[in-house]
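Here are a few short exercises to help you find your way around. Try each one before you read its solution.

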Amino acid sequence: MVLKIDFNSDEAIYIQLRNQIILGIATEEIRNGDSLPSVRELANHIGINMHTVNKAYSVLRQEGFVKVDRRKGAIICIDIDKYEALQELRQELGVLLAKAHCKNISRNEVHQMVDEIFDAYFAPDREIN
């Protein structure tokens with residue numbers, strides 16, 4: 001899996017790492033049961049602090065994407081309940097749609113963008129922007 005971390009971004013590196021792993025799961029680059037690199041290995045590969053990777057893995061564990069085993073490390077284990085996931089998505093979308101409304105982004109523009117992003121998960125050769 002190729003991780004794209006922007007060191008100049010205002011977004012925290014652990015959040016970028018978390019998001020990249022979630023995108024990897026959604027695009028099936030990473031599958032349920034796959035092991036993620038060890039904290040040390042990934043930190044060295046990206047050139048970041050081990051605590052940053054550990055924090056990303058911890059957030060992924062709390063969100064139900066990863067199970068951490070002392071012997072096997074971090075393993076993709078998607079166990080989040082669909083209802084809870086939908087409620088969380090509704091809350092996050094509420095804020096995003098409010099931002100879009102403030103910027104005069106139309107319903108059709110939002111629908112088109114959602115369709116493009118959603119379709120990208122079923123057509124791996126398409127790039128998600």
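**Exercise 1: a loop residue**

N104 sits in the loop that joins α4 (82-102) to α5 (107-120). Work out what is special about the phi of N104, and whether N104 is buried or exposed.

Solution. A word on the model comes before the steps: it is predicted, so local features need pLDDT of at least 70 and side-chain atom pairs count only at pLDDT 80 or more, while totals for chains, interfaces and linings use all residues. Residues are numbered from 1 along each chain as its sequence is written, and side-chain values use heavy atoms, with hydrogens and water left out.

- Step one: N104 is not a glycine, yet its phi is positive, about 60 degrees.
- Step two: the relative accessible area of N104 is 69%, so N104 is exposed (over 50%; buried is under 20%, partly exposed is in between, with a 1.4 Å probe and protein chains only).

**Exercise 2: another positive phi**

Find where E28 lies and give its phi.

Solution.

- Step one: look between α1 (13-26) and α2 (39-46), because E28 is in that loop.
- Step two: read off a positive phi of about 65 degrees, although E28 isn't a glycine.

**Exercise 3: the whole chain**

How many helices and strands does the chain have, and in which pattern do they follow along the sequence?

Solution.

- Step one: count five helices and two strands. These are DSSP runs numbered from the N terminus: H or I, at least four residues, for helices, and E, at least two, for strands.
- Step two: put them in sequence order to get α-α-α-β-β-α-α.
- Step three: for the burial, note that 24% of the 129 residues are buried.
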